[in-house]
Amino acid sequence: MSEQPQEIRREDYKEPGFIVEKVELVFDLDRDVTNVKSRLFMAANPVRGTGKGDEVFLHGEDMKLLSVTLNEARLASSDFTVDQEGLRFKAPGQNFIAELETQISPANNTRLEGLYVSQSAFCTQCEAEGFRRITYFPDRPDVMATYKVTINANKESCPVLLSNGNLIDSGDLDGGRHFAVWEDPFPKPSYLFALVAGDLACVEDSFKTMSGRDVALRIFVEHGNEDRCDYAMDSLKRSMKWDEDVYGLEYDLDLFNIVAVSDFNMGAMENKSLNVFNAKFVLARPDTATDGDYERIESIVAHEYFHNWSGNRVTCRDWFQLSLKEGLTVFRDQEFSADQRSRPVQRIKDVNALRAAQFPEDAGPLAHPVRPDSYMEINNFYTATVYEKGAELIRMMHTLLGPDGYRKGIDLYFDRHDGQAVTCDDFAKAMEDANGIDFSQLKLWYSQAGTPKLSWQGEYDADAKQYRLTISQKTDPTPGQPDKKPLHMPISIGLLGADGSDLVAETVELSEASQEFVFDGVTEAPVLSFNRGFSAPVNITTDQPDDELVFLMGNDSDAFNRWEAGQKYATRLMLSAIAAYEANGGDVDAAFADEQARVDAFIAAMRATLTNDDLDKAFRADALVLPGEAFLSEQRKPANPEAIYQVRTALRKRIGQALSDDFANTYHQNASNAAFTPDATSAGQRALRATALAYLVASGADEFADVAVAQYGTADNMTDQMAALSVLNNLDHPGRETALADFEERFANDAVVLDKWFSLQAMSSRDDTLARIKDLMSHPAFTMRNPNKVRALIGAFAMGNPRHFHAKDGSGYAFYADRLIELDDINPQVAARLCAPLGKWAKYDVDRADKMKAELNRILAKPEISRDLYEIASKSVA
Ligand code: 0A1
Ligand code: ZN
């Protein structure tokens, strides 16, 4: 980075001066020197009133420019200028053809943006601004063009040649090369361009659309992985059907390709008709993938497929509108998963993820609105806020409008904007117009950062049979936004009678800072179930008495809030024990001494859940898991990672001991002799059994560690095997090393599976963890060049091992900062994404905070720091 990066601001948006109607690309593929010729059919933009003689700007970075030709006349080098950002020349007319010839080096592309090499295959990643690393182009999403792409490559090393749309020609060339020509009839922004070439195996199936068209479905993987594509293929077909059934949206081409690659910065990418996936989110076989992996594959395949409409057919005008496609598509994939599996269990999972990633983001130095106002590097804004909070916003629209009103709005949105690049305001407007309502206050969720805090007060009037509920809301300041306005949000509530049934179940609309709601005909003093289904993404500050939480745990008709009541109770117990632990100088037994009665009541409620056979097993498994260390840290200031770890571990031990017989029964009753199937019911059974095993081991009784060792050895599927290995992972038991060694040997040549092994060791609570991680960095399978490896070993340490990452002596921070500095030269995007944990310094004691800030400053002092890492580190240290 040669100069201080500039902030790009949403309010500075200007339409492009010139647009591209048609693109013709010719790639001469070579690992070291790839030649790219492009012909751009360009036109002045009437909206901007540009024309002949005006400056044309084409983005371009890190390429060698060989020639510029306008209307077939080659420009002299004095007729154009090139700098770090791109190419400028004067328009020769209203309409003209620009031809560019560039050279790039895919094998040296370690950033994995643009055209790069993964294993032996060529592939591209163009979102957000990677296309400008392939050729000069107005690389912005509001420039939509049709593409014709010719790929020339060596036939032996690249028998498969793919791009977007339809294959219209192919054949052999001299010198052992061959070619393919692809044409995509749908105009698209450059970020949806894709090319793949390599020696890949193909698994094929088909789907008949609702109008009776046959679509060929192909999944391309490395040879040898053909038997790991079934679930992704099945998920794809179910997604296509679901989008027809629920949204009336049909696939629009005759071919849909998915390619799995080993080196990928994110999860997957929705390029038109040629989705490129991180192999981790495609490949699954019972002996290599856990139930969690199957679930993620299903949801990511769906997510990318759904983008074909929400993102591709209707795209974003500019990158500030990213949530237009991402929030909507996440909501769509969440609902798909809810329909495929258990709705409450899905909601618990989504809310857990929101609280683990988005709430902390919204409370920290990187807080930003769902529609950000500025950025230095757009890659840094593929965040939990844009994705997950954005999805919550769409969910609130869905709740407020009801399914039919929502569908009317969606229909109008796609009707009105098909083929366009639009804004979040356009989306909200379609929702408003279709339903004749006003979303102006709801739209504040797009522009205002921070998680609202809600409190409530209920009052029952027995004579009037009336329940009066006052709800207040407040949002704390976030960077750049000192004053917050009240938001509009749906709050679903229930009033439970003594027998546990609902006297009232309703959704009220909160829009004021403080507002009263009156419920009539309430025949007895009720217990309130607030924000059912997490109808609004808020924090609740009102404490409900323990006995009401126990009552809700056992009776709420809203399963989400049953779970929530248990989480609240557990959080409360642990927070007071953490405070006691800190006060008494670190005696964990004494920390619980004053809490015995409450702990007993909590354990009794847990037992009732565990043994209630009317409840879904997956739900029971979730309800038995205590809030995590990261969540607890969010509730404490300063957070003491050691205290949190000790208290949570001690409570798990107590539960394990008290319910040992019940867990042992659960464990034995849920054993299965049937062959593994990934369906939700079987997965729920395995999850409940794994939870039981984890508590049995947590109880400290040696015999259960032996049960885990036995389970590791006899399991016929990865889910059960990982369940055993992850409890052994924290123990000082000879079975731990034996099992880890076995795992390493079995999966030595299986990158996707071996990542589990790296992560486990990085997340171990054992004291030798950091030393072990340092050793693992020289493991033959580890490389800083592969994002999955970096995330598995380095990322898992910072995100999944708070106790060791926050070691008092600062060793965790120093190790981590070294890795980010090293990684920044290889892959700035991934380095920046991993930097957030160091930015949480304000949550910790002065000593830790100083050490974290010192590491951020050390990162900032790195010569040639990338714009990506600079933005995150500088905003974090402020
Ligand atoms: N649009 C993709 C995610 C994605 C974003 C950026 C990438 O590279 C910078 C890659 C993928 C999705 O939402 O799935
Ligand atoms: Zn997406």
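Helices and strands are taken here as DSSP runs, numbered from the N terminus. In this predicted model, Q119 falls in the loop between β10 (114–118) and β11, a convenient place to begin a tour of the backbone. Most residues other than glycine have a negative phi, and most peptide bonds are trans. Q119 is not a glycine, yet its phi is positive, at about 55°. The residue counts as partly exposed because 14 C-beta neighbours lie inside 10 Å, and the buried class would require 20 or more. E864 offers a second case, with a positive phi near 60° in a residue other than glycine. E864 belongs to the loop between α26 (846–860) and α27 (867–877). Here the C-beta count inside 10 Å is 8, so E864 is classed as exposed.

Cis peptide bonds also deserve a look. One runs from E127 to A128, with omega near -5°. A128 sits in the loop between β11 (121–125) and β12 (144–154). Another cis bond links K637 to P638, and its omega is about -5°. P638 is part of the loop between α13 (629–634) and α14 (641–658).

E127 leads on to the ligand. The shell around ligand 1 comprises 14 residues, and E127 is listed among the closest, together with N265, M266, M269 and Y382. Two elements, β20 (268–269) and α2 (291–306), each contribute two or more residues to this shell. By class, the surroundings of ligand 1 are mixed, with five nonpolar, five polar and four charged residues.

How do the helices around α16 pack? The axes of α16 (residues 680–698) and α18 (residues 718–728) come within 10 Å and cross at roughly 20°. Because angles under 35 degrees count as roughly parallel, α16 is roughly parallel to α18. The crossing of this pair is right-handed. On the α16 side the contact involves R686, A690, L693, A694 and V697, while α18 supplies T719, D720, A723 and V727. Sorted by class, these residues comprise six nonpolar, one polar and two charged.

Helix α16 also packs against α17 (residues 702–714), the two axes coming within 8 Å and crossing at roughly 140°. The pair is therefore oblique. From α16, L693, L696 and V697 meet F704, A705, V707, A708 and Q711 of α17. L693 and V697 thus appear in the contact with α18 and also in the contact with α17. The α16–α17 contact has seven nonpolar residues and one polar residue, with no charged residues.

A further helix pair is formed by α20 (residues 751–762) and α22 (residues 787–800), whose axes come within 8 Å and cross at roughly 25°. These helices are therefore roughly parallel to each other, and α20 passes α22 in a right-handed crossing. D755, F758, S759 and A762 of α20 face a set from α22 made up of N788, K789, A792, L793, A796, F797 and G800. In terms of class, the α20–α22 contact holds six nonpolar, three polar and two charged residues.

Two strand residues complete the picture. F41 is located in strand β3 (residues 34–44). With 16 other C-beta atoms within 10 Å, F41 is classed as partly exposed. Apart from neighbours within four places in sequence, F41 has contacts with V20, E21, K22 and I97. D614 lies 573 residues from F41 along the chain, and the C-alpha atoms of the two are separated by 64 Å.

D502 is placed in strand β28 (residues 502–510). Its environment is also partly exposed, since 17 C-beta neighbours lie inside 10 Å. When neighbours within four places in sequence are set aside, D502 is in contact with G494, L495, L496 and S557. L528 is 26 residues from D502 in sequence, and the C-alpha to C-alpha distance between D502 and L528 is 9.8 Å.

Terms used
Residues are numbered from 1 along each chain as its sequence is written. Chains are lettered from A and ligands numbered from 1 in the order in which they are written. This is a predicted model: local features need pLDDT of at least 70, side-chain atom pairs count only at pLDDT 80 or more; totals for chains, interfaces and linings use all residues. Helices (H or I, at least four residues) and strands (E, at least two) are DSSP runs, numbered from the N terminus. A residue is buried if 20 or more other C-beta atoms lie within 10 Å of its own, exposed if 12 or fewer, and partly exposed in between; C-beta atoms are placed from the backbone. A residue is near a molecule or strand if its C-beta atom, placed from the backbone, lies within 6 Å of it. Ala, Val, Leu, Ile, Met, Phe, Trp, Tyr, Cys and Pro count as nonpolar, Asp, Glu, Lys and Arg as charged, and the others, Gly among them, as polar. Axes are lines fitted to C-alpha atoms, for helices over the stretch in contact, and angles run from 0 to 180 degrees between N-to-C directions. Angles under 35 degrees count as roughly parallel, over 145 as roughly antiparallel, 65 to 115 as roughly perpendicular and the rest as oblique. A crossing is left-handed if the near helix is turned anticlockwise from the far one by less than a right angle, and right-handed if clockwise. Two residues are in contact if their C-beta atoms, placed from the backbone, lie within 7 Å.
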